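The following note sets out several points for consideration, concerning charged side-chain pairs and one helix packing.

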Amino acid sequence: MTADLKAAALTALACLDLTSLNDADTAADIDALCKRAQTAHGPVAAVCIWPRFVAQARAALPASIKVAAVANFPDGSLDLQRALSDVAEIAQAGGDEVDVVLPYRALMAGQSTEVAEFLSEVRFASRPLTLKVIIESGELATAERIAQATRLALAAGADFVKTSTGKTKTGATPAAAAVMLKEIAASGLSAAGFKASGGVRSVADAAGYIEQTRAALGEEALNPQRLRFGASGLLTDIEAVLSGAQSAATTSAY
């Protein structure tokens, strides 16, 4: 086990949004998730769940672990009132962070003005909570669209730009991350962050995104204020690496 892999595991753990967004999630599932979030090697950055579980998670976790919940998820419609209703539910239940889906189909249809207005309204309604905008990079497909979506999210005031919902065929990829990180760096927004989500299952995967973030944003961005990983299975591999066992991963995007 290399020191580099263990260092990547520690960074990934500190930056992990431990996620459960299954349609059939129950209160018992959320209890189990909150217990997993507090590991023998340290806490995760946040749990990411459905809005209906926010109050339960907030009560179960220390303040140092943030509670994030999704809005406009997973389809990313242009229904602003639905998104605002989700944001209000999250805020009123004591949530700390909102992960909202950018209306990516509308963007692909040329409705960039409507998408910008949608994001602006969500940003206004969600303050002072942390806002992560999911652009669904795998569906946008081209570098030009991924860049456009990233710029729209940042212009609206997003704290993070996130790759994917994890509910479509293509999740996070190094290619999409490169485009997004380039736009974050070019924006000049020193507090804006990147979140890789969708198919990030191994420390080796996380290490690749950590290196991309370091190259684009600098060493100072390798913390939960600027970097997040959204995953349900990644924690298992992190724990394997940090306990001295062989990484369970057999494949990697890198």
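**Salt bridges and a helix contact**

1. In this predicted model, the count of salt bridges comes to 15. Side chains of opposite charge can pair when their charged atoms come close.

2. K195 and D17 form one such salt bridge, with their closest N and O atoms 2.8 Å apart. K195 belongs to strand 9 (residues 193-197) and D17 to strand 1 (residues 16-19), so that distant parts of the chain, 178 residues apart, are linked. K195 is buried, with a relative accessible area of 0%, and D17 is likewise buried at 0%.

3. D99 and K162 also form a salt bridge, the closest N and O atoms being 2.9 Å apart. Because D99 lies in strand 6 (residues 97-101) and K162 in strand 8 (residues 160-162), the pair ties together parts 63 residues apart in sequence. Both D99 and K162 are buried.

4. A network of salt bridges links D17, E97, D99, K132, K162, K195 and R228.

5. The salt bridge between D75 and R82 has an N to O distance of 2.8 Å. D75 counts as partly exposed at 29% relative accessibility, and R82 counts as partly exposed at 26%.

6. The axes of helix 1 (residues 3-14) and helix 11 (residues 234-242) come within 9 Å and cross at roughly 140 degrees, which makes helix 1 oblique to helix 11. The crossing is left-handed. Helix 1 contributes L5, K6, A9, L10, A12 and L13 to the contact, and helix 11 contributes L235, I238, V241 and L242. These residues comprise nine nonpolar, no polar and one charged.

Note on methods:
Residues are numbered from 1 along each chain as its sequence is written. This is a predicted model: local features need pLDDT of at least 70, side-chain atom pairs count only at pLDDT 80 or more; totals for chains, interfaces and linings use all residues. Side-chain values use heavy atoms; hydrogens and water are left out. Axes are lines fitted to C-alpha atoms, for helices over the stretch in contact, and angles run from 0 to 180 degrees between N-to-C directions. Helices (H or I, at least four residues) and strands (E, at least two) are DSSP runs, numbered from the N terminus. Angles under 35 degrees count as roughly parallel, over 145 as roughly antiparallel, 65 to 115 as roughly perpendicular and the rest as oblique. A crossing is left-handed if the near helix is turned anticlockwise from the far one by less than a right angle, and right-handed if clockwise. Contact means heavy atoms within 4.5 Å. Ala, Val, Leu, Ile, Met, Phe, Trp, Tyr, Cys and Pro count as nonpolar, Asp, Glu, Lys and Arg as charged, and the others, Gly among them, as polar. A salt bridge is a side-chain nitrogen of Lys or Arg within 4 Å of a carboxyl oxygen of Asp or Glu. Buried means under 20% relative accessible area, exposed over 50%, partly exposed in between (1.4 Å probe, protein chains only).
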